[in-house]
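Have a look at this protein model and take a slow turn around it. Below is a short tour of its empty spaces, its overall build and a few local details.

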Amino acid sequence: MIDLQLTDKTHDEERQGEALVIDAPLVRNGRKLYIESYGCQMNFADSEIVASILLDQGFETTGDYKEADVVFINTCSIRENAEQRVRNRLSQFGAEKRRNPKLIVGVLGCMAERLKSKFLEEEKLVDVVVGPDAYRELPQLLSEVESGHKAINVLLSREETYADISPVRLNGNGITAFISIMRGCDNMCSFCVVPFTRGRERSRDPYSILAEAQDLFDRGYKEVTLLGQNVDSYKWKGADAEETAEIEVNFAQLLEKVALISPELRIRFSTSHPKDITDEVLYTIAKYDNICNYIHLPVQSGSTRVLELMNRTYTREWYINRVDAIRRIIPECAISSDIIAGFCTETEEEHQETLSIMDYVGYDFAFTFSYSERPGTLAARKLADDIPEEVKKRRLAEILLKQQQTSLFRLQQFVGKTVRILVEGTSKKSDKDFCGRNDQNAMVVFPVTEGIKAGQYVNVHIDRCTSATLLGTVVN
């Protein structure tokens, strides 16, 4: 359960395979779109862009693929099991296509980018393959399919940010939303496919970001999460609003601009990179009460030698320096992480270094994985995946146990205290309980209370906790 609390680019298992359903467009063409998303929050945000483009063409969305004219599956390539999950789902769509030969089935996203035309050969039922930078071409590609041809566009772009497209809000609660501030990645970590599936890094202009955030707030949204593969490397250079001078905006400055929209608009962001997060960003977080005290700072490994093999471009000592800066500048800040067990050539001593850095930081949450070799990456080409599976599993189990203990300890520190939360709606387990997150991104559950509704900020006294959730009651 510990890895289900994060709202960042990392996988939220509760949302995998979620279908997008939104209000019908004003002008309809009688055709229905079913779009299902897998992977990180960037993929879910991209599905909102795809829906916006096709709604402009008159499509309606449906939550039942059996009544759709077009079925899209937005895919992830970060781990092998993510790709296998998509292939299994496609076989289910294949049964429907045999019943309805006119059904168009398309694969979007990172898996489409990685496999390209090979996908059309391997998965005979797929009609269209579209990479993350080619969604504007979807209407034309669908026309090609309707004329009897397979269609593919997986060209990566150095400029595309979809800044002018206002995303529809994916199954939204009308309270929280994601805003993509950049696309692509330049980091080239040796284990990661993202630079190959999402292309080079480019930042979206700040004016479109601020306009989107302002529009969301005007429509009643109370929280936005700024998304990027590495938000700390956000950098935009261009003319100012009056087009009288050249300006440069970094992430700390963008964060401040969004925070200034309203003190009632809560700001989160993800993901940070240890090599890039600056004291300027930390002081900006500390300055504004509506920027949440929560940073997702993936360590991946506690060993400097393994970090070098991963091409993470920082050392154990550098990572600890950044954690120390967070603790000094934002004492109440929660820190979460990504951790890989059993990377190529990792020794038992280096595994212990990972456990010891977990002790040093005391992560509030963590996403933990055993190493999965991804085709085409530098690690797959240059390094032997030489750690036996049973060793990977044992090391991962040790990491998980330590994190469960630490997560429980962190949550216990809130017991007896009063925290401010944004009510997101009723709990998934019971409609007699509300749920929402505190500043540190911990989930809080409390009884439904008269006069309280979703979208409000309330103070909750924490009475007790589980290893994953705070439980309390509303106080004045």
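Strand 18 gives the largest share of the lining of the second largest pocket, three residues. Strands here are DSSP runs of E with at least two residues, helices are runs of H or I with at least four, and both are numbered from the N terminus. Strand 18 (418–426) isn't alone: helix 9 (279–287) and helix 14 (389–412) also give two or more residues to this lining. A pocket is an open set of points on a 1 Å grid over the protein atoms alone, with protein on both sides within 12 Å along at least five of seven lines, while a cavity is a set of points where a 1.4 Å probe fits but cannot get out; lining residues have an atom within 4 Å of a point.

How big is the second largest pocket in volume? Its volume is about 620 Å³, where a volume means the space filled by probe spheres set on the points, and grid points are joined across faces, edges and corners. The lining has 30 residues, and N293, E332, F414, D439 and Q440 are the closest to the centre.

Before going further, a word on the model. This is a predicted model, where local features need pLDDT of at least 70, side-chain atom pairs count only at pLDDT 80 or more, and totals for chains, interfaces and linings use all residues. Residues are numbered from 1 along each chain as its sequence is written, and side-chain values use heavy atoms, with hydrogens and water left out.

Now for the closed spaces. A search of the whole structure turns up two cavities of 30 Å³ or more. The second largest cavity holds about 70 Å³ of space. Among the residues that line it are A45, E48, I49, Y162, R169 and F178. Helix 1 (41–55) and strand 8 (176–180) each supply at least two lining residues, and helix 1 gives the most, with three.

Here is how the two linings break down by class. Ala, Val, Leu, Ile, Met, Phe, Trp, Tyr, Cys and Pro count as nonpolar, Asp, Glu, Lys and Arg as charged, and the others, Gly among them, as polar.

| Lining | Nonpolar | Polar | Charged |
|---|---|---|---|
| Second largest pocket | 14 residues | seven residues | nine residues |
| Second largest cavity | six residues | two residues | four residues |

Let's zoom out. The protein chain has 14 helices and 22 strands, and its C-alpha trace spans about 65 × 60 × 55 Å along the principal axes. With 476 residues, a compact globule would have a radius of gyration near 23 Å, and the chain's 22 Å agrees with that. That radius is taken over C-alpha atoms, and the globule rule is 2.2 Å times the number of residues to the power 0.38.

How confident is the predictor? The mean pLDDT (the predictor's confidence in each residue, from 0 to 100) of the protein chain is 90, and 93% of its residues reach 70 or more. Over residues 1–11, though, pLDDT stays under 50. Where pLDDT is low, the predicted coordinates should not be read in detail.

An unreviewed UniProt entry places "domain: MTTase N-terminal" at residues 31–147 and "domain: TRAM" at residues 412–476. UniProt positions follow the numbering used here, feature names are shortened, and annotations may be inferred rather than shown by experiment. Residues 31–147 are 48% helix and 20% strand, whereas residues 412–476 are 2% helix and 54% strand.

Finally, some local details. The peptide bond from S270 to T271 is cis, with omega near 5 degrees, and T271 sits in the loop between strand 14 (266–270) and helix 9. N311 is in the loop between helix 10 (304–309) and helix 11 (316–329), and its phi is near 60 degrees, a positive value in a residue other than glycine.

Methods:
Contact means heavy atoms within 4.5 Å.
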